[in-house]
Amino acid sequence: MRIKIFWAIFLFLITFVFYFFSVENIWFSLDDCGNVIAGIIKSKKDLIRIFLEDERNYLYPINFNVPKANFISGFYRPMQHIPFSIIYYLFEFNVKAYYFLNVFFHALNISLFFYLASFFMSNIFAVFSGLLLAFYPIMDWITWISTLHNFLATFFMLLSLICFRFYWIKNKFRYNFLAALFFLFSICSRENTIFLGILLFIFSVIFSEYKNLRLKFKFAFKKTYLFLFIYIIYLVLRIMAFGFESLPRTFNNICMRFPAIKELVS
């Protein structure tokens with residue numbers, strides 16, 4: 001365990017030091033200012049607001065007519081505005097402080113990824129895997145402040161996987177609860193981790209000790225039912241935030257990209 005802690009700290013430090021101190025001049029770009037300023041939490045009303053709004057509302061000037069979102073098309077990414085608000089109250093608009101968040105969570109993700117990988121391979125290979133993730137070729141977007149939601153989604157996803165691994169082995173409810181809770185935080189950071197619960201269900205079916213298919217599915221449901229509950233909560237949140245009003249437009253846009261779908265339903 002001590003050697004794992006050593007390598008996790010080593011990976012965190014080498015990643016953080018490399019990225020944070022390799023950038024001297026940095027400033028807000030693209031949608032950074034709108035995302036930070038419009039998402040600052042100044043009251044309980046603001047805290048509720050960021051969980052009930054399309055993030056695209058923060059990205060455009062007030063005289064731009066943002067297309068009406070629906071529960072499918074809306075950008076539901078409220079989690080990053082919590083650390084943004086903390087940084088604002090501590091450092092106001094010091095851009096290096098916001099960049100610190102991206103680097104900090106990226107470095108933390110490398111440590112968590114190493115820890116997760118170390119369950120399935122030797123520490124040396126897990127360290128090598130962590131280094132590959134830390135320094136893969138395209139990393140220029142780490143200076144884009146508004147990409148914090150990517151790092152947060154990955155952070156909570158890794159925590160969810162680690163907790164689910166402990167639940168799989170120890171079969172204690174608290175690990176399952178934490179795994180599901182972190183999954184909710186992950187998809188509320190960015191929706192690109194939405195399939196995690198489904199993949200864990202499939203994993204549970206495949207690696208179940210039962211031979212009978214029905215028993216395999218029953219076992220998988222017992223292991224992942226809280227993730228199903230999270231999917232329901234997440235769907236309700238999206239419906240509350242965006243509704244159904246512009247759903248026909250989204251469907252038409254999808255059909256324009258994939259004409260076969262329109263032919264299938266017509």
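A salt bridge is here a side-chain nitrogen of Lys or Arg within 4 Å of a carboxyl oxygen of Asp or Glu. The exercises below concern a predicted model.

**Exercise 1. Determine which parts of the chain the pair Arg77 and Glu191 ties together.**

Step 1. The closest N and O atoms of Arg77 and Glu191 are 2.5 Å apart, and the pair forms a salt bridge.

Step 2. Arg77 lies in the loop between α3 and α4, whereas Glu191 lies in the loop between α8 and α9; the pair therefore ties together parts that are 114 residues apart in sequence.

Step 3. Arg77 counts as buried, at 7% relative accessibility. Glu191, at 22%, counts as partly exposed.

**Exercise 2. Describe the salt bridges of Asp46 and Asp54, and state where their partners stand in accessibility.**

Step 1. The search of the whole structure yields 4 salt bridges. General principle: side chains of opposite charge can pair when their charged atoms come close.

Step 2. Asp46 pairs with Arg49, with the closest N and O atoms 3.2 Å apart. Because these two residues are 3 residues apart in helix α3, about one helical turn separates them.

Step 3. The relative accessible area of Asp46 is 15%, so this residue is buried; Arg49, at 22%, is partly exposed. Asp46 and Arg49 also belong, with Glu53, to a network of salt bridges.

Step 4. Asp54 forms a salt bridge with Arg56, the closest N and O atoms being 2.7 Å apart. Asp54 is buried, with a relative accessible area of 4%, and Arg56 likewise counts as buried, at 16%.

**Exercise 3. Check the span of helix α6 and assign its buried and exposed residues to sides.**

Step 1. Helix α6 comprises 12 residues, 123-134, and at 1.5 Å a residue should span 16 Å. The C-alpha atoms at its ends are 16 Å apart, so the expected and computed values agree.

Step 2. The buried residues in α6 are Ala126, Val127, Ser129, Gly130 and Ala134. They cover an arc of only 160° around the axis and therefore lie on the same side of α6.

Step 3. Ile124, Phe125 and Leu132 are exposed on the other side of α6.

Step 4. The cover over the buried residues of α6 includes α1 (2-21) and α5 (95-117).

**Exercise 4. Locate Cys163 and identify the residues that it touches.**

Step 1. Cys163 belongs to helix α7, residues 148-170. Its relative accessible area is 11%; under 20% means buried, so Cys163 is buried.

Step 2. Leaving aside residues up to four places away in sequence, Cys163 touches Tyr175, Leu178, Ala179 and Phe182.

Step 3. Phe182 is 19 residues from Cys163 in sequence, and their C-alpha atoms are 8.8 Å apart in space.

**Exercise 5. Identify the helix that supplies the largest share of the nonpolar surface patch.**

Step 1. The patch, of about 1,100 Å², is made by Ile48, Leu52, Phe173, Phe177, Leu178, Phe221, Tyr225, Leu228, Phe229, Ile232, Val236 and Met240.

Step 2. At least two patch residues come from each of α8 (173-189) and α10 (213-242). The largest share, 7 residues, is that of α10.

Step 3. Met240 is placed in α10. With 54% relative accessibility, Met240 counts as exposed.

**Exercise 6. Summarise the chain as a whole.**

Step 1. The protein chain contains 12 helices and 0 strands.

Step 2. Of its 266 residues, 46% count as buried. The chain exposes about 15,400 Å², of which carbon and sulfur atoms supply 71%.

Step 3. Among contacts with a separation of 6 or more, 74% join residues 24 or more positions apart.

Key. Residues are numbered from 1 along each chain as its sequence is written. This is a predicted model: local features need pLDDT of at least 70, side-chain atom pairs count only at pLDDT 80 or more; totals for chains, interfaces and linings use all residues. Side-chain values use heavy atoms; hydrogens and water are left out. Patches are made of residues with over 30% relative accessible area and no salt bridge: like charges are joined within 9 Å, nonpolar side chains (Val, Leu, Ile, Met, Phe, Trp, Tyr) within 5 Å. Accessible areas come from the Shrake-Rupley method with a 1.4 Å probe; for residues, only the protein chains shown count as cover. Helices (H or I, at least four residues) and strands (E, at least two) are DSSP runs, numbered from the N terminus. Buried means under 20% relative accessible area, exposed over 50%, partly exposed in between (1.4 Å probe, protein chains only). The expected span of a helix is 1.5 Å times one less than its number of residues. The arc is that of the directions from the helix axis to the C-beta atoms. Contact means heavy atoms within 4.5 Å.
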